[in-house]
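This report sets out the architecture of a single protein chain. The sequence and the structure are displayed first.

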Amino acid sequence: MDYRRSSPEHIEWTSRNFNFLVDAAASNGSIDVPACPGWTCLDVLEHTAKGAGVWAAFLEADQSHDAIDVLMTEVGNAQAWGAELGDLVAAARIRLDAFLDTARSVDPSKPALFWNGPAAAEVMLCHSATESWIHVADVAGALGSEAPLLEEEAADLLAWSVMFRTLAAAWRGDDHPATLTIEATDTKQTFVLGDERPAATVSGTARELSLSLWGRTHVSSAGDYEKLAAWADLAMISPLG
């Protein structure tokens with residue numbers, strides 16, 4: 001998959017996303033986030049911080065399944081959240097900063113791990129930027145604003161969202177939704193999602209299409225949105241367990 005921004009740019013995008021989530025939780029920690037039912041702005045921050053610990057472990061791992069089993073256990077046992085809002089936000093900030101330190105120290109071409117097995121570190125660096133932005137969009141929507149997104153970031157967001165759903169389909173074997181053509185009207189990208197003859201075409205902006213692939217919003221499209229929603233519903237089943 002070709003991306004328009006480099007790994008260092010993905011890291012800085014991730015950093016901006018982290019800053020947004022920290023600031024939102026510090027100021028509006030108890031506000032509900034409709035895109036994540038049952039979660040508040042603070043919950044979204046904590047979720048992202050826990051994820052960042054896993055992402056850092058993946059970046060630092062060798063490419064064996066035994067290593068990732070140990071690392072996932074260590075990450076889980078390392079969580080220690082305080083009781084007060086300020087303590088919770090500060091604890092999350094520490095974990096987010098630790099991920100950024102790791103990300104900035106690794107060679108993007110370094111052998112590492114991803115959910116589906118061995119991959120270059122640059123794969124996780126792109127994933128961290130896109131997933132953290134999805135959560136920025138979640139929180140921004142709860143606060144009545146729109147998450148900032150540059151055009152080249154939008155292009156990479158869509159490219160990765162398509163790739164991530166493609167991986168999800170591979171993990172599930174032959175049981176995946178109908179193949180679709182996806183057309184981004186703003187970034188002029190076209191993707192085929194699936195490995196058969198496309199059953200429908202779904203069009204929209206890269207932002208809209210990406211959010212839809214993450215199950216966040218309906219697209220005003222010329223195609224069949226329900227078929228796109230089926231891809232968003234794919235369970236994330238990793239061979240790493």
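The account below proceeds from the overall fold to one helix, a pocket and the salt bridges.

**Overall fold**

The model is predicted. The secondary structure of the protein chain amounts to eight helices and five strands. Read from the N terminus, these elements follow the order α-α-α-α-β-β-α-α-β-β-β-α-α. The protein chain has 241 residues, of which 51% count as buried. Among the contacts between residues at least 6 apart in sequence, 63% join residues at least 24 apart.

**Helix α1**

Helix α1 covers residues 7–28, a run of 22 residues. From the first C-alpha to the last, α1 reaches 31 Å, which is close to the 32 Å expected at 1.5 Å a residue. The buried residues of α1 are S7, H10, I11, W13, T14, S15, N17, F18, L21, V22, A24 and A25. An α-helix has 3.6 residues a turn, so residues three or four places apart point the same way. The cover over the buried residues of α1 includes four other helices: α2 (41–60), α4 (85–105), α5 (121–142) and α6 (151–172).

**The largest pocket**

The largest pocket has a volume of about 300 Å³. It is lined by 17 residues, and those closest to its centre are H47, H127, E131, H135 and W214. Helices α2, α5 and α6 each supply at least two residues of this lining. Of the contributors, α2 gives the most, with six residues. By character, the lining residues divide into eight nonpolar, five polar and four charged.

**Salt bridges**

Side chains of opposite charge can pair when their charged atoms come close. The structure holds seven salt bridges. Three of these pairs are listed here with the distance between their closest N and O atoms.

| Pair | N to O distance |
|---|---|
| R104 and E12 | 3.1 Å |
| D97 and R93 | 3.0 Å |
| R216 and D138 | 2.8 Å |

The salt bridge of R104 with E12 has its closest N and O atoms 3.1 Å apart. R104 belongs to helix α4 and E12 to helix α1, so this pair ties together parts that are 92 residues apart in sequence. R104 is partly exposed, with a relative accessible area of 44%, and E12 is likewise partly exposed, at 39% relative accessibility.

The pair of D97 and R93 lies within one helix: the two residues are four apart in α4 and are therefore separated by about one helical turn. D97 counts as partly exposed, at 32% relative accessibility.

The side chains of R216 and D138 also meet in a salt bridge. R216 lies in the loop between α7 (206–213) and α8 (225–232), whereas D138 is part of helix α5, so the pair ties together parts that are 78 residues apart in sequence. R216 is partly exposed at 25% relative accessibility. D138 counts as buried because its relative accessibility is 4%, under the 20% limit for a buried residue.

In addition, R5, E9 and E152 are linked in a network of salt bridges.

**Points of connection**

Helix α5 recurs in several of these descriptions. It is among the elements that cover the buried residues of α1, it supplies at least two residues of the lining of the largest pocket, and it holds D138. Helix α4 also takes part in the cover of α1, and R104 of α4 pairs with E12 of α1.

Note on methods: Residues numbered from 1 in each chain as written. Predicted model: local features only at pLDDT ≥ 70, side-chain atom pairs only at ≥ 80, totals over all residues. Heavy atoms only, no water. Expected span 1.5 Å × (residues − 1). Buried < 20%, exposed > 50% of the residue type's maximum accessible area, 1.4 Å probe, protein only. Contact = heavy atoms within 4.5 Å. 1 Å grid on protein atoms, 1.4 Å probe; cavity = no way out; pocket = protein on both sides within 12 Å on 5 of 7 lines; lining within 4 Å. Points joined across faces, edges and corners; volume = space filled by probe spheres on them. Nonpolar A, V, L, I, M, F, W, Y, C, P; charged D, E, K, R; others polar. Salt bridge = Lys/Arg side-chain N within 4 Å of Asp/Glu carboxyl O.
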